[in-house]
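Biologist: Could you take me through one part of this model up close? I'd like a connected story, residue by residue, rather than a list.

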Amino acid sequence: MKKINEIEAVLDNYTAEQESGISHLLVKCYRNTQEAENEFLDISEIIWEHDYDDLVRDLRRFNISEFTVSTTFSGMLNAVNALLERGCTLEGMTKVKDRFPSWTDGEREIHPALLIRTN
């Protein structure tokens, strides 16, 4: 995923993150995506109901046209549906790398993910 300077500037500074108005979920998932070296921003965390609007707003704000959702929490379908209701489009399935390398062989596991377009 390409680097986004405005998000990079707040990565390790919680106060700056709060003052920036950037979605906390987006910042966290951006960091995880950079560490995993995935092609698209990967939402691998729980998407709470209060995150929906800010997440979609900031995906558009930073011109993130495609992203993945690999989280497996029980409410994931409701969250994805909420993103679709906010104008996103489900494109299909893809695969993403795990954030952490395996302790046994140092390789990152590959997981299935939904590919979603931000319209």
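Modeller: Sure, and bear in mind that this is a predicted model. Let's start at Asn-38, which sits in the loop between helix H3 (24–36) and S1. Its relative accessible area is 7%, so Asn-38 is buried. A polar atom of the Asn-38 side chain lies 2.7 Å from the backbone nitrogen of Lys-97. Once you set aside neighbours within four places in sequence, the contacts of Asn-38 are Met-1, Thr-33, Val-96 and Lys-97.

Now look at Glu-37, which is in that loop between H3 and S1 too. Glu-37 isn't a glycine, yet it has a positive phi of about 60 degrees. That's worth a second look because most residues other than glycine have a negative phi. Glu-37 is exposed, at a relative accessible area of 57%, whereas Asn-38 is buried.

Step back into helix H3 and you'll find Glu-35. With a relative accessibility of 32%, Glu-35 counts as partly exposed. Not counting residues up to four places away in sequence, Glu-35 touches Arg-99 and Arg-108. There's also a long hop in sequence here: Glu-35 and Asp-98 are 63 residues apart along the chain, but their C-alpha atoms are 9.0 Å apart in space.

Asn-32 belongs to helix H3 as well. This one is buried, at 5% relative accessibility. Leaving out residues up to four places away, Asn-32 touches Ser-44, Glu-45 and Arg-99. So Arg-99 turns up twice, since Glu-35 touches Arg-99 and Asn-32 does too, with contact meaning heavy atoms within 4.5 Å.

Next, move along to the loop between strand S1 (41–43) and H4, where Ile-47 is found. Ile-47 is buried, with a relative accessible area of 2%. Beyond residues up to four places away in sequence, Ile-47 touches Leu-25, Tyr-52, Leu-55, Val-69, Phe-73, Ala-79 and Leu-83. Take Leu-83 from that list: Ile-47 and Leu-83 are separated by 36 residues in sequence and by 10.0 Å in space, C-alpha to C-alpha.

That brings us to a pair of helices. Helix H4 (residues 52–61) packs with helix H5 (residues 76–85) at an angle of about 50 degrees, and their axes are 10 Å apart. H4 and H5 are therefore oblique to each other, and their crossing is right-handed. On the H4 side the contact is made by Tyr-52, Leu-55 and Val-56, and on the H5 side by Asn-78, Ala-79, Ala-82 and Leu-83. Sorted by class, that contact has 6 nonpolar residues, 1 polar residue and no charged ones. Go back to Ile-47 with this in mind: among its contacts are Tyr-52, Leu-55, Ala-79 and Leu-83, and those four residues also take part in the contact of H4 with H5.

One last stop is Asn-63, in the loop between H4 and strand S2 (66–69). Like Glu-37, Asn-63 is a residue other than glycine with a positive phi, here near 55 degrees. Asn-63 is exposed, with a relative accessible area of 61%.

Key
Residues are numbered from 1 along each chain as its sequence is written. This is a predicted model: local features need pLDDT of at least 70, side-chain atom pairs count only at pLDDT 80 or more; totals for chains, interfaces and linings use all residues. Side-chain values use heavy atoms; hydrogens and water are left out. Axes are lines fitted to C-alpha atoms, for helices over the stretch in contact, and angles run from 0 to 180 degrees between N-to-C directions. Helices (H or I, at least four residues) and strands (E, at least two) are DSSP runs, numbered from the N terminus. Angles under 35 degrees count as roughly parallel, over 145 as roughly antiparallel, 65 to 115 as roughly perpendicular and the rest as oblique. A crossing is left-handed if the near helix is turned anticlockwise from the far one by less than a right angle, and right-handed if clockwise. Ala, Val, Leu, Ile, Met, Phe, Trp, Tyr, Cys and Pro count as nonpolar, Asp, Glu, Lys and Arg as charged, and the others, Gly among them, as polar. Buried means under 20% relative accessible area, exposed over 50%, partly exposed in between (1.4 Å probe, protein chains only). A polar contact is a pair of N or O atoms within 3.5 Å; within protein, one must be able to donate a hydrogen and the other to accept it, and residues adjacent in sequence count only if both atoms are side-chain atoms.
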